[in-house]
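Work through the exercises below with the model open. Each task is followed by a stepwise solution.

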Amino acid sequence: MTKTLAQLFVDFPLPHPAEIPDVPITGIAIDSRAVKPGDLFVAMKGGTADGHDYIDKAIANGAAAVVGERPVAQIANLTYIRLDDSRQALTWLAAAFYDWPGRKLTVIGVTGTDGKTTTTNLLHQILRTAGLKAGMVSTVNAVIGDEVLDTGFHVTTPDAHDVQHYLAKMVDAGLTHVVLETTSHGWAQHRVDASEFDIGVVTNITHEHLDEHGSYENYRAAKARLFESLEKTLPKPQGNPRLAVINRDDRSYYFLHDLIKTKKLSYGLHESADVRAENVHLSLDGIKFFVDSGHIHVEVTSDLVGAYNVSNCLAAFTVAVFGLGIDPQVAARGMSTLRGIPGRMERIDLGQPFTAIVDFAHTPNALKVALEAAREMLKAEREQKGRVIAVFGSAGLRDKEKRRMMAEVSAELADISILTAEDPRTESLEGILEEMAAGARSRGGREGETFWRVADRGEAIRSAVRMARPGDIVLACGKGHEQSMCFGRTEFLWDDRIAMRAALAELLGVDGPKMPYLPSQDKSEAEWLRG
């Protein structure tokens, strides 16, 4: 694919120079090391590096032109376009390069603190059950027809040019619909601005990423950009419903209800919700409830466990039925066919006499609902003596307040809490664990009796399964589907599911994988911090 630089600026909505040269562009790159001959290099300021410092390397690798926001020294034969914000510009340049794929698709955006990936998968399953040619971009992967692409080690919305590339591949594959999971970082960094959303849905907005956004209000405002974008979506040949779907049970409801200017519907358990769940039944095998909304009364069953997944199912149902006109029975059938999502309340069973689960819960609210779901499972099985053993950590260089909050939640809802590593990065793991221990103690936790500190995550999971008695639930939270853990500045291969299987295999004396390596196994903290 080749476009001229001038063509990329034809529908560009931000201030830019009047004269743009017709330089041929064959691709877009934001990393100088990834630049190929003919690429447009977009230089952006990052948290630890500044792309403007690598313009020379980009040119050496064959960049045909450069977009940036800083003044740069004159370089012979370099076409340099200076803009106010190159990061914000990237999404529009990428959309133009790929012929505005969002305008050719019905685009459904999913945002929220917890439940985004589950709701995205539920919607994708409904669309496919309804016979629609639908793709999906989540923080786990991108699904384009039968092709599944990994979207990265750690959870975030893909970069703007990658999002547009995925959408373009969907158009080329003949797809008509896409479900796009979007994070607050994605909105704050303008990664999805040019995606042309037709429907937006929020799961919830709770405590998370306050280190990045500064306050809950700023975090909420970043999420709200999805709904503000509905007003700006251009008319499409296939039509665009411009529907906002919001959670009546969440604290964000009133703010979003007043903010949204397009058509909107609410879902939840609240009696005033437009789409409600009634007669909810929770069990070890899943959930069952009825959706009620005026003339619609449909039974929904799902293998997903926990009361919070009733909310996720309601969100997906509201989008599908009231936003896309899918038959309610088809929507219910679609949700019933979703067997599970990697790293979301995923059971690991090697024949042990207790339940072992890996979940992604890495926020105070997500941990709370995961532990509540475990309690519900024990109640459903009449395991009145069964205990909940929780293993979790809190990330370094991220929101410090949630360290205490997560430990408080676990002290109140789990019988045993094991505090451990979760991407300590360049922070002191001992310091993180002390902050968490203080939170546990503030809620009556007793170290050595109801909670322990085990710095090495592999050993923490081993300790949990060794403590487990028949009928207990061991719940490892915080990593879920993720494939790495960061110590110092190095990403080490790590998967909680493999670690859980390794610990169970050791306990049972059966064949299983080897416990993945982390430097906390055999290095002091000072050593791995030095790299």
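**Exercise 1. Classify the packing of α3 and α5, and list who makes the contact.**

Step 1. Helix α3 (residues 86-97) packs on helix α5 (residues 160-172) at about 25°, and their axes are 8 Å apart. Helices are DSSP runs of H or I with at least four residues, strands are E runs of at least two, and both are numbered from the N terminus. Axes are lines fitted to C-alpha atoms, for helices over the stretch in contact; angles run from 0 to 180 degrees between N-to-C directions.

Step 2. α3 and α5 are therefore roughly parallel to each other. The classes are: under 35 degrees roughly parallel, over 145 roughly antiparallel, 65 to 115 roughly perpendicular, the rest oblique.

Step 3. L90, T91, A94 and A95 of α3 meet A160, H161 and Q164 of α5 in the contact (heavy atoms within 4.5 Å). These residues divide into four nonpolar, three polar and no charged. Ala, Val, Leu, Ile, Met, Phe, Trp, Tyr, Cys and Pro count as nonpolar; Asp, Glu, Lys and Arg as charged; the others, Gly among them, as polar.

The model is predicted: local features need pLDDT of at least 70, side-chain atom pairs count only at pLDDT 80 or more, and totals for chains, interfaces and linings use all residues. Residues are numbered from 1 along each chain as its sequence is written, and side-chain values use heavy atoms, with hydrogens and water left out.

**Exercise 2. Do the same for α10 and α11.**

Step 1. Helix α10 (residues 308-324) and helix α11 (residues 328-336) pack at about 140°, with axes 10 Å apart. α10 and α11 are therefore oblique to each other.

Step 2. From α10, the contact takes C313, A316, F317, A320 and V321; from α11, P328, A331 and M335. The split is eight nonpolar, no polar and no charged.

**Exercise 3. Place E196 and L397, and decide for each: buried or exposed, or partly exposed?**

Step 1. E196 has a positive phi, near 60°, and is not glycine. E196 sits in the loop between α6 (184-188) and β12 (199-202). With a relative accessible area of 8%, E196 is buried (buried is under 20%, exposed over 50%, partly exposed in between; 1.4 Å probe, protein chains only).

Step 2. L397, also not a glycine, has a positive phi of about 60°. Its loop runs between β20 (388-392) and α13 (401-413). At 43% relative accessibility, L397 is partly exposed.

**Exercise 4. How much of the protein chain is buried?**

Of its 531 residues, 58% count as buried.
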